[in-house]
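Hi everyone, thanks for making room for me today. I'd like to walk you through a model I've been looking at, so please have the viewer open.

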Amino acid sequence: MSSLLLHVAVQPSSVGPPMLAARYLRGGAAAAPRRLPAPPGAQRFRAPRTRIPAGPVAGGGLGRPGLRPEPHFHCCLPHPFLLLPAPRAARGQEPSARGRLCHLELHCCPSRRTGIGIGFYGNSETSDGVSQLSSALLHANHTLTAIDHLVLEMVERLDEAVRTELTTLEEVLTQRTELVAATRGARRQAEAVAQQLQGLAFWQEVPLSPVQVAEDVSFVEEYRWLAYVLLLLLELLVCLFTLLGLAKQSKWLVIVMTVMSLLVLVLSWGSMGLEAATAVGLSDFCSSPDTYILNLTREETGLGSDILNYYFLCNQAVSNPFQQRLTLSQRALANIHSQLQGLEREAVPQFPSAQEPLLSLEETLNVTEGNFHQLVALLHCRGLHKDYGAALRGLCEDALEGLLYLLLFSLLSAGALATALCSLPRAWALFPPRNPSASCSGSHLSEPFLHARLEPVPHLRSFPSCRRRPH
């Protein structure tokens, strides 16, 4: 008889009488145990069972009337995913309070994770848009700086040519009056070209620097991106530690996460208000950006409307404000070139010493003409208007789209956190007191999902627990 095992099924609910199925083993063959109907609500889940050998205990129970040994002893535990054990008075309710709270929290976390994913995407899109804006500003600054550099270089070369080569050439050709007059004509043309070119450096005296604007925008965007990443990670950690606190039935952890959820909720509402205001203002700006930017740039730079309209609009209706200067400079350079060729034909055979300053002048003129063609290309509105369009696309497409996604993230986050704040205080009120749980054969149920209390069957007063009885 010591080889027999006791089979007792203890139901976790107190609805209905406890079920006891036992049958004698006759002739060494075990008969199938009789299955009793389950109480209402018990079909929803299958309770795991703990099997405990009870060979020596079987002998002590044979003398009790109505108690029959069975092959196994099953300790029925609650469902592992219903983490909060409900009190006796609430066990008959359908669904239970702990089931509702955990089910609600498990459904809130997917919405939080969805919101966090949307937040990461929106943060990345906003960062891409601001980066595109900064890159466009830096490229525009490079174009404006190149224009100023080319103008300054050409003016310096022409001034040096007037001071050195043309002065030397006049001294060499003093015996020929007509050659001296041609040389002085080339001098006047060079001075006129230098004067015309100085008016092309329109950005030289402007106090506004695109580099400074790009650096300020990048500085603000860097801290904005970092703040949103920290907010997203904080919300993710709050979600995970809230589930951990419910799984461990740790009251202090759930309380701390409730306070953290309140803090994140306040931050989410604040960020949602800031994002909504920024998105509304940005969409209003992007509906008609040209007028606002023209007025603002005119106030900050002091440039004329003709220059600003040419570069911001860049269409056939707006003419190039530098076209006249460019035309006069090109004609003057062509005249200088023709005069130098005439001096080379007339003066070099009679004055061999004039060949060296003439060659130096031709070299300076060739470099100046090359720089002039490059300057004409840079002064065209196509390049700067392309940078302007790229800046607007980054600001009004990517950045605005990212702001809308961040607004959706804040809305989802605020809703999920508000729901969690309503459910978590009810959750820790249902936590059982911290008493050592019952043990079966000396093994403690220390797993967080199996931390439930085994209740004895009222009819088995001789078996209050799973301890061994002495023979």
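Let me start with one term: a residue is called buried here when its relative accessible area is under 20%, exposed when that area is over 50%, and partly exposed in between. And please keep in mind that this is a predicted model.

With that cut-off in hand, how much of the chain is buried? Buried residues account for 41% of the 471 residues. As for the overall layout, we have eleven helices and three strands. Going along the sequence, the order is β-β-α-β-α-α-α-α-α-α-α-α-α-α.

Now let's go to helix α4, which covers residues 177-198. Its 22 residues reach 32 Å from the first C-alpha to the last, close to the 32 Å expected at 1.5 Å a residue. Which residues of α4 are buried? They are Leu-179, Val-180, Thr-183, Gly-185, Ala-186, Arg-187, Ala-190, Val-193, Ala-194 and Leu-197. Notice that an arginine, Arg-187, is on that list.

Helix α3, residues 165-172, has its own buried set: Glu-165, Leu-166, Leu-169 and Glu-170. Looking down the axis of α3, you'll find these buried residues within an arc of 135 degrees, so they line one face of the helix. A reminder on helix geometry: an α-helix has 3.6 residues a turn, so residues three or four places apart point the same way.

Some of these residues come back when we turn to empty space. How many cavities of 30 Å³ or more does the structure hold? There are three. The largest cavity has a volume of about 100 Å³. Its lining consists of Leu-158, Ala-161, Val-162, Leu-166, Ala-186, Ala-190, Ile-336, Leu-340, Leu-361, Thr-364 and Leu-365. The elements giving two or more residues to that lining are α2, α4, α9 (323-350) and α10 (355-379). You'll recognise Ala-186 and Ala-190 from the lining, since we met both among the buried residues of α4. By class, the lining has ten nonpolar residues, one polar and no charged ones.

From cavities, on to pockets. The second largest pocket has a volume of about 1400 Å³. Its lining involves 45 residues, and the ones nearest its centre are Leu-133, Leu-137, Val-213, Val-217 and Leu-395. Two or more residues come from each of α2 (97-163), α5, α6 (251-287), α7 (289-301), α8 and α11 (381-429). The class count for this pocket is 35 nonpolar, five polar and five charged.

Next, the aromatics. A pair of rings is described by the distance of the centres and the angle of the planes. How many aromatic pairs are there? The count comes to eight. Take Phe-202 and Tyr-311: their ring centres are 5.6 Å apart and their planes sit at 20 degrees, so this pair is stacked. The two partners belong to distant parts of the chain, 109 residues apart, with Phe-202 in the loop between α4 and α5 (210-248) and Tyr-311 in helix α8 (residues 305-313). Are they buried or exposed? Phe-202 is buried at a relative accessible area of 11%, and Tyr-311 is buried at 6%.

Tyr-311 has another partner, Tyr-310, with 5.0 Å centre to centre and 70 degrees between the planes, and that pair is edge-to-face. Tyr-310 is buried as well. Put together, Phe-202, Trp-203, Tyr-310, Tyr-311 and Phe-322 form one aromatic cluster.

Just past that region, have a look at Cys-314, in the loop between α8 and α9. Most residues other than glycine have a negative phi. Cys-314, though, has a positive phi of about 55 degrees. Cys-314 is partly exposed, with a relative accessible area of 24%.

Finally, two glutamates. Glu-222, in helix α5, is exposed at 52% relative accessibility. The C-alpha atoms of Glu-222 and Ser-127 are separated by 8.3 Å, with their positions 95 residues apart along the chain. Glu-397 belongs to helix α11 and is partly exposed, at 46%. The C-alpha atoms of Glu-397 and Thr-126 are separated by 9.2 Å, and these two are 271 residues apart along the chain.

That's my tour, and I'm happy to go back to any part of it. Thanks for listening!

How values were computed: Residues numbered from 1 in each chain as written. Predicted model: local features only at pLDDT ≥ 70, side-chain atom pairs only at ≥ 80, totals over all residues. Heavy atoms only, no water. Helix = DSSP H or I, 4+ residues; strand = E, 2+ residues; numbered from the N terminus. Expected span 1.5 Å × (residues − 1). Buried < 20%, exposed > 50% of the residue type's maximum accessible area, 1.4 Å probe, protein only. Phe/Tyr/Trp six-rings, centres within 6.5 Å; stacked < 30°, edge-to-face > 60°. 1 Å grid on protein atoms, 1.4 Å probe; cavity = no way out; pocket = protein on both sides within 12 Å on 5 of 7 lines; lining within 4 Å. Points joined across faces, edges and corners; volume = space filled by probe spheres on them. Nonpolar A, V, L, I, M, F, W, Y, C, P; charged D, E, K, R; others polar. Arc of directions from axis to C-beta.
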